[in-house]
Amino acid sequence: MKVLGILGSHRNNGVTAKMLAAVMAGIKEPNESEIIYLEDYPFKPDHGDKKDPVLDELEQKMLASDVWVLAAPTYWGGLAG
């Protein structure tokens with residue numbers, strides 16, 4: 001099984017990142033895990049038939065995974081966009 005952790009905060013060393021790392025640390029062999037920090041991927045929306053290769057790369061990582069762990073900070077009581 002492959003578990004993909006997706007960090008959607010603006011800081012890769014903040015509380016949200018630490019919480020994601022704690023969850024991902026519980027994934028044991030033979031399972032695989034990977035954490036991606038969305039700030040490292042300068043993706044843009046697809047427009048018609050003009051595809052963004054960075055977005056395609058992220059989509060492939062998600063499709064290749066069995067489980068997604070989404071980590072996003074909350075601002076004023078709600079999840080960030």
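Three short exercises on this predicted model follow, each with a worked solution.

Residues are numbered from 1 along each chain as its sequence is written. In this predicted model, local features need pLDDT of at least 70, side-chain atom pairs count only at pLDDT 80 or more, and totals for chains, interfaces and linings use all residues, while side-chain values use heavy atoms, without hydrogens and water.

**Exercise 1.** State how many helices and strands the protein chain has, and their pattern along the sequence.

*Solution.*
- Count the elements: 2 helices and 5 strands. Helices (H or I, at least four residues) and strands (E, at least two) are DSSP runs, numbered from the N terminus.
- Read along the sequence: the pattern is β-α-β-α-β-β-β.

**Exercise 2.** Find the strands that pair with β1, and the bridge partners of Ile6.

*Solution.*
- Strands pair if DSSP finds at least two bridges between them.
- Take β2 (residues 32–37): 6 bridges join this strand to β1, and the two run parallel. Ile36 is the partner of Ile6 there.
- Trace the connection: the chain goes from β1 through helix α1 (residues 15–25) to β2, a right-handed β-α-β crossover. Right-handed means that, with the strands pointing away from the viewer, the path from the first strand over the helix to the second runs clockwise.
- Take β3 (residues 67–71): 5 bridges join this strand to β1, again parallel. Here Ile6 has Leu70 as its partner.

**Exercise 3.** Is strand β1 mostly covered or uncovered?

*Solution.*
- Apply the cut-off: buried means under 20% relative accessible area, exposed over 50%, partly exposed in between (1.4 Å probe, protein chains only).
- Check residues 2–7: 5 of the 6 residues in β1 are buried, so the strand is mostly covered.
- Set this beside the chain: buried residues make up 26% of its 81 residues.
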